[in-house]
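Here is a colleague's note for someone meeting this structure for the first time. Please keep the model open while reading.

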Amino acid sequence: MNDLLLRVNLMCLLILLLIFLLKKFNQPYLVAYILAGVLMGPYATGVFTEIEDTASIGEFGILLLMFFLGMELDVPDRRSLLMKPVIAQIMRMLMSIGMVAVAGYFLGWPFITVVLIGTLFIFNSTAVVSEYLRKNGELHSGLGRLILNILLLQDVLLAPVLTLFPLLGGEPVPAARMTASVAGSVIIFLLLRSIRNRDFFQPGIQKLLGKDHEMQVFAGSFICLGFGLIAELAGLSGAVGSFLAGMMIGRLDAFQWLERTLSPFKVFFVALFFVSVGLRLDLTFISANRTLILTGTLVLFLVNSVLSAFVLRLLQYSWRESFYGGALLSQAGEFGILVCSLAYKTDIIGEGLFKTGIAITALSLLFSTIWISLLRKTVVPHQRDGRLIS
């Protein structure tokens with residue numbers, strides 16, 4: 001017990017010192033979390049060695065983060081607003097996969113390498129982007145809502161992608177699991193379309209919970225984690241379920257105060273999640289393969305930024321908005337780590353490709369806010385009414 005307390009205390013102290021340092025450079029706190037993980041990880045000082053345990057605990061932070069986003073955001077109530085994220089993500093997927101396939105053809109990559117790299121281009125980080133938009137007051141802007149809806153759609157698409165990798169590894173996938181993944185994705189999409197006002201729940205919930213804050217805390221936590229569990233049992237991302245739960249109870253008066261009560265837990269668990277990202281960085285491997293990894297990270301930023309900007313421009317956003325949106329969607333997401341781990345555990349890829357994919361994903365998460373801030377200062381001089389202008 002004393003050993004655990006010492007390690008957690010050292011982590012908090014290191015994060016605090018890094019935050020003080022990074023605030024001078026106007027960098028977000030998640031950079032401090034990842035750096036703390038690198039410095040305290042098994043490939044540096046070795047203070048933390050249980051990577052998977054830390055990551056599992058940190059996933060609660062992602063559930064809470066998505067839960068609060070659901071409470072705060074509105075689902076688009078017009079077909080045109082709903083279809084834009086769908087069109088944008090489909091276009092991004094087709095162009096990314098096509099580009100990776102062409103590159104793989106000329107470079108002689110195996111098919112599974114093409115699939116893995118294409119997956120890294122498809123998924124972005126909801127945690128990074130949502131926190132960045134919140135910090136800059138752009139969460140409710142037109143572009144901000146579009147980007148977050150694209151990220152939510154990516155979370156829904158995770159289930160079919162995770163089902164694909166066992167198939168590539170030659171493992172039989174039960175038909176029931178495949179059906180559940182597809183059906184769950186469709187149901188989540190339809191629910192997101194249908195959620196509007198839920199006033200008919202108000203009297204019953206208010207009568208049941210009243211002003212008992214303890215009951216409200218545990219009821220809200222049960223709904224958040226319960227919806228996440230149901231989503232994962234259906235083969236989806238738990239983040240989608242908790243987002244949906246947040247959207248539903250965010251319309252109930254009994255839970256209006258819940259966010260500020262659970263917010264400290266969200267901060268701590270989100271920090272643990274990104275610490276676990278830093279723990280995965282094998283510094284020796286990165287040093288030995290620095291040219292490949294740094295080049296891969298830079299190519300990821302450039303390609304994702306340009307392709308996403310092109311898609312947003314086709315959707316009639318200004319060039320300034322398009323390049324800013326492209327920067328927001330430039331990084332590989334935390335689900336890239338999950339996909340790489342799954343492919344490695346099922347012997348689809350070797351250790352070298354696994355560590356390279358993890359390193360590129362983690363470095364893209366670490367440097368993404370710097371990349372976004374750089375492009376934001378370059379192409380977004382000011383705003384008006386939440387909309388970026390020249």
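The points below go from overall confidence to single residues.

1. Confidence. This is a predicted model. The mean pLDDT of the chain is 78. Of its residues, 75% reach 70 or more. Helix H14 (residues 290–314) has the highest confidence, at a mean of 93. Strand E2 (residues 387–389) has the lowest, at 48.

2. A stretch to treat with care. Over residues 383–390, pLDDT stays under 50. The model still has 19 contacts for this stretch beyond four places in sequence. Where pLDDT is low, predicted coordinates should not be read in detail. Please keep that in mind when looking at this part.

3. Overall build. The chain has 17 helices and two strands. It holds 390 residues, and 52% of them count as buried. Among contacts with a separation of 6 or more, 79% join residues 24 or more positions apart. The accessible surface comes to about 18400 Å². Carbon and sulfur atoms account for 68% of that surface.

4. The largest nonpolar core. This core has 90 residues. Phe274, Tyr324 and Leu328 touch the most other members. Helix H17 gives the most to the core, with eleven residues. A second, separate core has nine residues, including Met71, Val217, Cys224 and Leu262.

5. Helix H15. How much of H15 is buried? Seven of the ten residues of this helix (residues 319–328) are buried, so H15 is largely enclosed by the rest of the structure. The buried residues are Glu321, Ser322, Tyr324, Gly325, Gly326, Ala327 and Leu328. Two of these names, Tyr324 and Leu328, also appear among the residues that touch the most other members of the largest core. Leaving out residues up to four places away in sequence, Leu328 touches Val129, Tyr132, Leu133, Ile147 and Ile372.

6. The loop before H15. Gln316 sits in the loop between H14 and H15. Its phi is positive, about 75°, although Gln316 is not a glycine. Is Gln316 buried or exposed? Its relative accessible area is 72%, so Gln316 is exposed.

7. Ser364 in H17. Ser364 lies in helix H17 (residues 351–379). Ser364 is buried, with a relative accessible area of 0%. A polar atom of its side chain lies 3.1 Å from the backbone nitrogen of Ala332. Which residues are in contact with Ser364, leaving aside neighbours within four places in sequence? They are Thr297, Leu300, Phe301, Gln331 and Ala332.

8. A buried salt bridge. The count of salt bridges comes to three. One of them pairs Arg376 with Glu138, with the closest N and O atoms 2.7 Å apart. Arg376 belongs to helix H17, while Glu138 is in the loop between helix H6 (126–135) and helix H7 (142–168), so the pair ties together parts 238 residues apart in sequence. Both partners, Arg376 and Glu138, are buried.

9. The bridge from Asp282 to Lys355. Asp282 forms a salt bridge with Lys355, and their closest N and O atoms are 2.9 Å apart. Why does this pair tie together parts of the chain that are 73 residues apart in sequence? Because Asp282 is in the loop between helix H12 (258–279) and helix H13 (283–288), whereas Lys355 is in helix H17. Asp282 is buried, with a relative accessible area of 10%. Lys355 is partly exposed, at 22%.

10. The bridge within H17. Glu351 also forms a salt bridge with Lys355, with the closest N and O atoms 3.4 Å apart. Both residues lie in helix H17, four residues apart, about one turn of the helix. An α-helix has 3.6 residues a turn, so residues three or four places apart point the same way. Glu351 counts as partly exposed, at 44% relative accessibility. Through shared partners, salt bridges join Asp282, Glu351 and Lys355 into one network.

11. Where to look again. Helix H17 is worth a second pass. Helix H17 gives the most residues to the largest core. Ser364 lies in this helix. Arg376 lies there too, as do Glu351 and Lys355.

Conventions:
Residues are numbered from 1 along each chain as its sequence is written. This is a predicted model: local features need pLDDT of at least 70, side-chain atom pairs count only at pLDDT 80 or more; totals for chains, interfaces and linings use all residues. Side-chain values use heavy atoms; hydrogens and water are left out. Buried means under 20% relative accessible area, exposed over 50%, partly exposed in between (1.4 Å probe, protein chains only). A polar contact is a pair of N or O atoms within 3.5 Å; within protein, one must be able to donate a hydrogen and the other to accept it, and residues adjacent in sequence count only if both atoms are side-chain atoms. Contact means heavy atoms within 4.5 Å. pLDDT is the predictor's confidence in each residue, from 0 to 100. Accessible areas come from the Shrake-Rupley method with a 1.4 Å probe; for residues, only the protein chains shown count as cover. A nonpolar core is a set of buried Ala, Val, Leu, Ile, Met, Phe, Trp, Tyr and Cys residues joined through side-chain atoms within 4.5 Å. A salt bridge is a side-chain nitrogen of Lys or Arg within 4 Å of a carboxyl oxygen of Asp or Glu.
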